Amino acid sequence: MVGAPGHPVFTLTDHFGKQATEKDFHGWFQLVYFGFTSCRVVCPRALTKLSGVLETLGDEGARRIKPLYITVDPARDTPQAMKTFLETGYPRFLGLTGPEQAIEEAKTSFRVFAQRKSDPADPDGYQIAHTAIAYFLDPGGNYLDHFPDATEAGRIIERIRGHLAKG
Amino acid sequence: MATNAESSIAAPLKWAASLPELDDLQVGALRRMLNLAGQLPDDWSGMQGPTTMQEDFGGLRFQLAYMSYALALTHVHRLPAAPGLFKRPFEQLIEKMLSPDVWAYWHYVSTGNGPINRNQGELPAQWNPVGKDNIMYSAYIQSMALMYRYLFRDVRYAKEGALTFAVQAMFWGDGSLRFSYDERSLNEHLYWAMVERGFLGIACEPNCVFQICNQPAIIGFRMHDLVYGTSHAKDVMDGYDKAWADFGVVTADGHFNMMVMEKERVVVTPPEAPWVDFWLAALMHAWKPALVEERFPVHIAQWSVAAPHDTLWIRPAVQRKLDMSPVISARDHGWAAVAAAEVGDEETLTRLLGYADRFMNPVRENGAYYYPRRDEHFDAQGRLSVMDPHTGNVLLGYARLNVKDGLRKLFEGPLSDAHFAAPALASLSKGINVRRATYDAGRRMLALALDPVAGAADVVLVFDNAVQAGMPEIIHDAADTPRVIVAGDQLEMRFNMSRRTSLVLAW
């Protein structure tokens with residue numbers, strides 16, 4: 001594969017227990033973030049920032065953007081775990097999980113890195129190092145942009161507004 | 001007593017004489033690289049090292065790439081008004097990089113199953129040299145192409161298929177071994193390959209992620225950012241810091257880590273590897289100057305050996321082939337010199353180059369100054385005497401030509417629109433050394449110092465942006481009076497040059 005993930009695909013289960021593929025979100029711009037609910041630093045920080053971005057984008061954002069949070073830790077992140085985690089802290093996001101193979105396919109499709117590493121501080125003894133990138137897809141499910149972890153909220157808002165204006 | 005007219009002529013030449021210029025050894029080192037770049041395609045005379053199949057760290061790709069970096073640094077920092085001296089050689093180096101002679105090793109190396117990656121078993125052989133892994137080649141061609149674009153504002157490698165890796169063999173295959181990229185698609189490919197690996201880096205040989213070999217990719221990303229306004233380098237640098245935090249950019253005892261086994265997530269660093277410290281320092285100084293400057297004095301103190309005449313050599317790493325025979329090269333010494341130049345440790349640089357000049361058998365040949373290959377590891381006094389083509393052709397010359405913070409400043413992006421709009425030497429005929437090429441915008445004067453490589457030469461110089469502010473006055477000390485032709489905004493000058501000549505164009 002050369003370059004950005006052109007048209008990423010997945011077949012997963014949303015946090016209400018309903019099967020979801022990329023096609024279910026066509027018609028929306030999509031803000032997609034990969035992470036896991038036991039993540040102590042990177043995911044909470046990113047989800048907080050992205051929630052703030054969506055808040056700033058206001059009604060237009062709410063009408064046109066579907067925020068998705070895909071787990072890289074399917075062993076722990078059941079639909080119910082995702083639901084509890086997101087509804088408690090980041091209610092704009094819809095969680096997506098699934099069997100390990102389905103998660104692997106989604107990761108490959110988005111060109112996401114995630115790898116388990118031992119961590120004695122974690123109750124289960126591991127954390128997952130993963131790509132801290134938010135992807136922005138157009139209503140056809142095609143890659144438009146991505147925002148690495150260090151991208152400031154203001155810059156993300158500016159770029160998303162640019163995409164919304166064109167789309 | 002000089003007349004008024006003589007004084008007005010002499011003044012610009014006096015000013016020009018006060019400007020820095022390349023000394024004889026710098027001119028010779030540069031000439032060696034220009035001569036090698038100008039060899040006929042697939043003529044690798046003088047570049048062949050002691051190992052087969054491009055396997056060592058002085059293989060053709062490394063020589064070609066670091067020659068291009070040295071040309072870039074010399075152009076930007078020492079001869080900024082002479083793009084014409086560097087542009088065609090830079091193209092020639094990129095053309096050579098595209099030769100299968102340089103990259104076809106990948107067909108074999110991609111199968112892995114060597115001592116460090118045996119646990120993966122034998123992998124399918126690959127032909128595409130930039131498709132997966134092999135950052136030890138792909139980052140060089142990426143950074144060379146984008147550096148060229150940045151230095152010369154030439155879109156040659158932005159055109160579709162401009163970086164095509166092809167094998168067109170007469171007696172096997174069907175001609176389908178063609179892998180087409182350009183500066184943008186190759187850059188995007190590498191960037192997303194970095195993303196896919198969590199920014200730890202892309203492997204060289206399968207499973208082997210070397211810190212060193214991912215530095216040129218970062219330099220390439222930065223050149224892309226400077227040209228296209230992206231922020232790939234920052235993304236990668238941020239991610240790199242986080243990914244390497246698990247292993248340490250630096251070991252517990254203060255040396256740079258060499259590599260991570262990608263699958264096992266295990267760091268591998270040999271205990272005695274000066275080349276790792278110095279090579280990484282030379283490159284990483286572009287974006288981690290504080291770390292490199294803090295480590296360099298410690299490393300040089302640990303790895304260097306004092307020699308007569310206040311010189312210094314670097315104790316080389318001893319590697320072993322599979323049959324346990326030793327592989328020793330001068331690259332530890334060469335990379336130490338490059339790192340010393342980059343961090344601005346003039347004393348160490350002088351001592352390292354002094355050792356090479358005194359004890360490593362330099363030669364002068366066709367205007368070039370270099371150190372020919374020598375396979376004898378140590379001399380009768382037990383001092384380093386081995387020389388490999390990478391060190392002898394390139395690294396010591398790179399060190400001689402670079403300036404303090406040279407790569408770091410190039411990384412920052414020093415070239416402005418004003419640089420490209422200024423009068424400059426756009427091309428020159430063969431056989432001419434350029435020792436000085438500086439345009440002073442305040443004085444509106446372009447100063448050149450030239451000399452013939454061998455004997456007298458009929459010189460043709462072409463200047464860009466030369467008559468937009470009117471015809472320049474040409475002040476010179478040549479024996480022959482230059483003849484001038486103007487075409488558009490170009491000025492062509494012809495004269496016979498039999499000795500060193502100083503030339504000032506004044507607007």
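These legends describe close-up views of a predicted two-chain contact and of two sheets in chain B. Residues count from 1 along each chain as its sequence is written, chains are lettered from A in the order in which they are written, and side-chain values use heavy atoms, with hydrogens and water left out. Because the model is predicted, local features need pLDDT of at least 70 and side-chain atom pairs count only at pLDDT 80 or more, while totals for chains, interfaces and linings use all residues.

**View 1. The contact between chain A and chain B.** Chain A brings 20 residues to the contact and chain B brings 20 residues. Contact here means heavy atoms within 4.5 Å. Together the two chains bury about 1400 Å², with 57% of it on carbon and sulfur atoms. Buried area is the accessible area (1.4 Å probe) that two parts lose on being put together, summed over both. Which three residues supply the most of the area that chain A buries against chain B? They are V2(A), R111(A) and F113(A), with 36%.

**View 2. Polar links across the interface.** Three salt bridges cross between chain A and chain B. The rule asks for a side-chain nitrogen of Lys or Arg within 4 Å of a carboxyl oxygen of Asp or Glu. One salt bridge joins the side chains of R111(A) and E196(B), at 3.0 Å from N to O. Five residue pairs, both at pLDDT 80 or more, are in polar contact between the chains. A polar contact is a pair of N or O atoms within 3.5 Å; within protein, one must be able to donate a hydrogen and the other to accept it, and residues adjacent in sequence count only if both atoms are side-chain atoms.

**View 3. The side of chain A that touches chain B.** At least two residues each come from α3 (100–110), β6 (114–118), β8 (133–137) and β9 (143–148) of chain A. Helices (H or I, at least four residues) and strands (E, at least two) are DSSP runs, numbered from the N terminus. β9(A) gives the most, with three residues. By class, this side holds twelve nonpolar, five polar and three charged residues. Ala, Val, Leu, Ile, Met, Phe, Trp, Tyr, Cys and Pro count as nonpolar, Asp, Glu, Lys and Arg as charged, and the others, Gly among them, as polar.

**View 4. A salt bridge within chain B.** The side chains of K87(B) and D154(B) meet at 2.8 Å, N to O. K87(B) sits in helix α4 (residues 83–97) and D154(B) in the loop between α7 (135–152) and β1 (163–166) of chain B, so the pair ties together parts 67 residues apart in sequence. Over all chains, the count is 45 salt bridges.

**View 5. The open sheet β12-β15-β18-β17 of chain B.** Its four strands pair antiparallel. Pairing needs at least two DSSP bridges between two strands. The edge strands are β12 (424–428) and β17 (483–487). The twist averages 25° from one strand to the next. Axes are lines fitted to C-alpha atoms, for helices over the stretch in contact, and angles run from 0 to 180 degrees between N-to-C directions. Seven bridges join β15 (residues 457–464) to β18 (residues 490–497). V459(B) has F495(B) as its bridge partner in β18(B). Four bridges join β12(B) to β15(B), and A424(B) stands opposite D464(B).

**View 6. The open sheet β13-β14-β19-β16 of chain B.** Pairing is antiparallel among these four strands. β13 (432–440) and β16 (473–476) each have a single partner strand, so one side of each is left without a neighbour in the sheet. Here the twist averages 15° from one strand to the next. Six bridges link β14 (residues 445–452) to β19 (residues 501–506). L448(B) stands opposite L503(B) in β19(B).
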